[in-house]
Amino acid sequence: MTNENPTLYQVDPSMMNLTGEEVDVFNKLLAEWQRHLGSNIRNEAYYKGKVMPVTTDSSMPSDLVNLNIVMGWGGKCVDVLANRSVLEGFDGGSADVFESIIPTTTLTEIYEQAVTSELTDSCAFLTVSKGMPGEPDVIVSAHSALDAAAIWDERKKRIKAGICVVDIDVDSSGLRVPTWVNMYTDEYTYSCRKVGDSWVAEKAANPFGRPLMEPLRYRPSLTRPFGKSRINRTVRSLIDRAMCVGARTEIAATFYTWPQRYLLGVDKKTAEEMSKRKVEMYADSMLLVTPNKNGDVPQLGQLSQMTMQPHIDHLEMLGKQFASEACIPLDEVGIVFDNPTSSEAMFAAQQRLIVEAEHVNRMNGIALGNVARMALGAVNAADFATADITPRFADVLRPSKAANADFAIKVNSAVPAYSGTRQFWRDLGYSEPTIDSILREVRYSQIVQAAAQASAQAAQQQPTPQPEGVDDADIGE
């Protein structure tokens, strides 16, 4: 699979009701999408485990070359890190308004899918659009690099323009031809559809002065502003080599179960007959061999049993190299040690993965904050610049409930008012719905307790009733 397509689809300016400059931007974005399409399809194949092992042995039979060997390291490389980046919600003064526009559960589901595509293809994209009649007021959508592309603005450090391919067709030459594309620029949002041989574009003004499209990027750099894939060249090479080891292991296992026997002094005719039925020779529990023409009795022997250990050692070596490159613990690739490790050793094994997860959350948090402000601005334009909203992620350390409780109690001992905040219950590991239920019960308990205290105080303030016929003077006596 090559990274570039030899033929790139372009739209003739006369085929679209846009200006020549707008069509040029459209064609540049299409070329960018098609230029990376091959590598993105390749990365998806590695993620799904749909790649074939590559062998350098040309003499190997085709039946053995075409073994259905599957290696799930590509998906493991992505999923282990994606599972550490969990969006829990948003904080800030505008969080409640944003929740009323887009429920947290909806955006959490979208982000979970988008971060997987981001780590697989180096980037993914979130778009914001107004809903049509019968739809929510604002819709946030996620797109993988398979159906989206963008051009980076070096000066403004954001997207200059981007497209999302909504629908495609395949022509007679096998070229993937887009038939419906949405384009995002600083001034407009375009919906471009192919009708017959022409393109028709509808555009809506963009009041924010920036494209309503935000990238999620893994490990961006100055030379690669859209990041890089977790399934990089080193990871792909290790997966290919591991699949070759897997194929050789399966082949060796086939012969490992059969005893390697031999006969010395067999005449040519008998040897030819035996070579025609190799499987039967392996399966037969008794060999019947007559003396040769010289009267010599053939000598039966058996080779020493082969061992699978070299293949196991080779695969373990590749697994360790893969774990080091992907920054994941060894047990994630199936290498488990007999001796149990301490908690400190387990934490040290996950340290690099934790650092990677913190980086992903930090970069994606910036993108999600921009998306939230665009969504708020779509309802009220003034909120785009003034919105106070910050995404909140789950703790990448994944501590136990006992560790959470110990931390929260120690902080509360230093700041007693801390136990009355939502953050106290978050640190204990409770989810937001559970925190709402707990706080409701706490408030109800406080109200009941306050009412009981008020009733007791009122009873104490009431004068003690006196018996009839007794006045205050008598009491004094």
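Start by selecting glutamate 356 and arginine 219: their side chains form a salt bridge, with the closest N and O atoms 2.9 Å apart. Keep in mind as you click around that this is a predicted model. Now color the surroundings of the pair. Glutamate 356 sits in helix α10 (residues 343-379), while arginine 219 is in the loop between β9 (213-217) and α6 (233-256), so this salt bridge ties together parts that are 137 residues apart in sequence. Is glutamate 356 buried or exposed? With a relative accessible area of 10%, glutamate 356 is buried, because buried means under 20%. Its partner, arginine 219, comes out at 29% and counts as partly exposed.

Next stop: select arginine 158 and aspartate 186. Here's another salt bridge, 3.1 Å from N to O. This one also links distant parts of the chain, 28 residues apart: arginine 158 belongs to strand β5 (residues 158-170), and aspartate 186 to the loop between β6 (176-184) and β7 (188-195). Check how hidden the two residues are. Arginine 158 is buried at 14% relative accessibility, and aspartate 186 is buried too, at 16%.

Now hop over to helix α1 and pick glutamate 32 and arginine 35. Their side chains meet in a salt bridge of 3.0 Å, N to O. How many residues apart are they in helix α1? The answer is three, or about one turn of the helix. Glutamate 32 is partly exposed, with a relative accessible area of 21%, and arginine 35 is partly exposed as well, at 34%.

Stay with α1, but show all of it (residues 20-48), then add helix α5 (residues 104-121). The two helices pack at an angle of about 110°, and their axes are 9 Å apart. That angle makes α1 roughly perpendicular to α5. If you rotate the view, look for the handedness: the crossing of these helices is right-handed. Which residues make the contact? From α1, select Asn40, Asn43, Glu44 and Tyr47; from α5, select Thr116, Thr120 and Asp121. Sort this contact by class and you get one nonpolar, four polar and two charged residues.

For a last stop, select Glu88, Asp91 and Arg392. These three are linked in a network of salt bridges. Want to keep hunting? The whole structure holds twelve salt bridges.

Terms used
Residues numbered from 1 in each chain as written. Predicted model: local features only at pLDDT ≥ 70, side-chain atom pairs only at ≥ 80, totals over all residues. Heavy atoms only, no water. Axes fitted to C-alpha atoms, helices over the stretch in contact; angles between N-to-C directions. Helix = DSSP H or I, 4+ residues; strand = E, 2+ residues; numbered from the N terminus. Parallel < 35°, antiparallel > 145°, perpendicular 65-115°, else oblique. Left-handed = near helix turned anticlockwise from the far one by under 90°. Contact = heavy atoms within 4.5 Å. Nonpolar A, V, L, I, M, F, W, Y, C, P; charged D, E, K, R; others polar. Salt bridge = Lys/Arg side-chain N within 4 Å of Asp/Glu carboxyl O. Buried < 20%, exposed > 50% of the residue type's maximum accessible area, 1.4 Å probe, protein only.
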